[in-house]
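Q: Could you take me on a close look at one pocket of this protein, and at the parts of the chain around it? I work at the bench, so a plain walk-through would suit me well.

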Amino acid sequence: MKMKYDKTTRWLHAGLALGITLQLVLSLAMESPEPDKPAITGIAAATFEIHENAGMAVLAILLLHWLWQLTGHTLHGLGHLFPWFSADARAAVVADARRLVASRLRDVPEVSPLAGAVHGLGILVATAMAISGAVLFFGMAENGSMPDPVHAVEEFHGFMATFMWAYLIGHVAMGALHRKLGHADVSEIFRLK
């Protein structure tokens, strides 16, 4: 089955790939303001400001991505990304995972049910990160003070970042593996013209 991504999907993917990668890299250098502590300055403050604004841009791209997916523009259908509601789709994911665990990499199909399911989970993690980030954007004062519910969202946002890092690293690694296996169509997502 040949992969053929439409132009809008490719641009949305590029926006998310760049935006999410930027957000994760910024998180390594930034510092959040905290009440009762001196105001942050310099690189820590600048990266925090960029992180806040870029996060809102990523949220907008994610909303467009969801709209695009939900209006029938998902390659191989939404069931490929979210197989959890079909016994056959779940069985295909499990079979694909078993091939991977058994190191029968040559048997991994180009359109992988496991890859689709993981991609769907990545979209959910990115969405949770962006929504929780928006809550922080609007719910945190300039000095870093926030009500308890917003503080709980801040903890959740930080917790989900671990999964976003794992997804990003795994996504790139699996893309490289598919290329190594000769699945050249995987790089179709990067053809922006």
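**The second largest pocket and its surroundings**

A: Happy to. The second largest pocket holds about 650 Å³ of space. Please keep in mind that this is a predicted model. The pocket has 30 residues in its lining, and those nearest its centre are Ser27, Met30, His51, Met129 and His157. Four helices each give two or more residues to that lining: α1 (7-29), α2 (42-70), α5 (113-139) and α6 (148-180). Sorted by class, the lining is made of 17 nonpolar, eight polar and five charged residues.

Let's step back to the chain for a moment. The chain has six helices and zero strands, giving the pattern α-α-α-α-α-α along the sequence. The chain has 193 residues, and 39% of them count as buried. Among contacts with a separation of 6 or more, 71% join residues 24 or more positions apart.

Now for the helices that line the pocket, starting with α1. Helix α1 has 23 residues and reaches 34 Å from its first C-alpha to its last, close to the 33 Å expected at 1.5 Å a residue. Its buried residues are Thr9, Arg10, Leu12, His13, Ala14, Gly15, Leu16, Gly19, Ile20, Gln23, Leu24 and Leu26. The cover over these buried residues includes α2, α5 and α6, and those three helices also appear among the elements that line the pocket.

From α2, Gln69 is a good residue to look at. Gln69 counts as buried because its relative accessible area is 5%, and the cut-off for buried is under 20%. Beyond its neighbours within four places in sequence, Gln69 is in contact with Thr74, Leu78, Leu81 and Ile123.

In helix α5, have a look at Ala126. Its relative accessibility is 6%, so Ala126 counts as buried. Leaving out residues up to four places away in sequence, Ala126 touches Ile20, Leu62 and Met164. Ile20 is one of the buried residues of α1, and Met164 is one of the buried residues of α6. Ala126 and Ile20 are 106 residues apart in sequence, yet their C-alpha atoms are 7.8 Å apart in space.

Helix α6 is next. Its 33 residues should span 48 Å at 1.5 Å a residue, and its end C-alpha atoms are 48 Å apart, so the two values agree. The buried residues here are Val150, His157, Met160, Ala161, Met164, Tyr167, Leu168, Leu177 and His178. One of them, His157, is also among the residues nearest the centre of the pocket. The buried residues of α6 pack against α1, α2, α4 and α5. After α6 comes Gly182, whose phi is positive, near 90°.

The loop between α5 and α6 holds Ser145. With a relative accessible area of 29%, Ser145 is partly exposed, as that term covers values between 20% and 50%. Not counting residues up to four places away in sequence, Ser145 touches Pro35, Gly139 and Met140. Ser145 and Glu34 are 111 residues apart in sequence, with 6.4 Å between their C-alpha atoms.

That leaves two helices outside the group of four. In α3 (residues 78-81) you will find His80. His80 is buried, with a relative accessible area of 18%. Setting aside residues up to four places away in sequence, His80 touches Leu75, Val111, Ser112, Pro113, Gly116 and Ala117.

Helix α4 covers residues 87-101, and its 15 residues should span 21 Å at 1.5 Å a residue; the end C-alpha atoms are 21 Å apart, so expectation and model agree. The buried residues of α4 are Val93, Asp96 and Arg99. They cover an arc of only 120° around the axis, so they sit on the same side of α4. The general rule is that an α-helix has 3.6 residues a turn, so residues three or four places apart point the same way. The buried residues of α4 pack against α5. On the face turned away from that buried side are the exposed residues Ala87, Arg98 and Val101. Following α4 is Ser103, with a positive phi near 60°.

To return to where we began: the pocket is lined by residues from α1, α2, α5 and α6, with Ser27, Met30, His51, Met129 and His157 nearest its centre.

Conventions
Residues numbered from 1 in each chain as written. Predicted model: local features only at pLDDT ≥ 70, side-chain atom pairs only at ≥ 80, totals over all residues. Heavy atoms only, no water. 1 Å grid on protein atoms, 1.4 Å probe; cavity = no way out; pocket = protein on both sides within 12 Å on 5 of 7 lines; lining within 4 Å. Points joined across faces, edges and corners; volume = space filled by probe spheres on them. Nonpolar A, V, L, I, M, F, W, Y, C, P; charged D, E, K, R; others polar. Buried < 20%, exposed > 50% of the residue type's maximum accessible area, 1.4 Å probe, protein only. Contact = heavy atoms within 4.5 Å. Expected span 1.5 Å × (residues − 1). Arc of directions from axis to C-beta.
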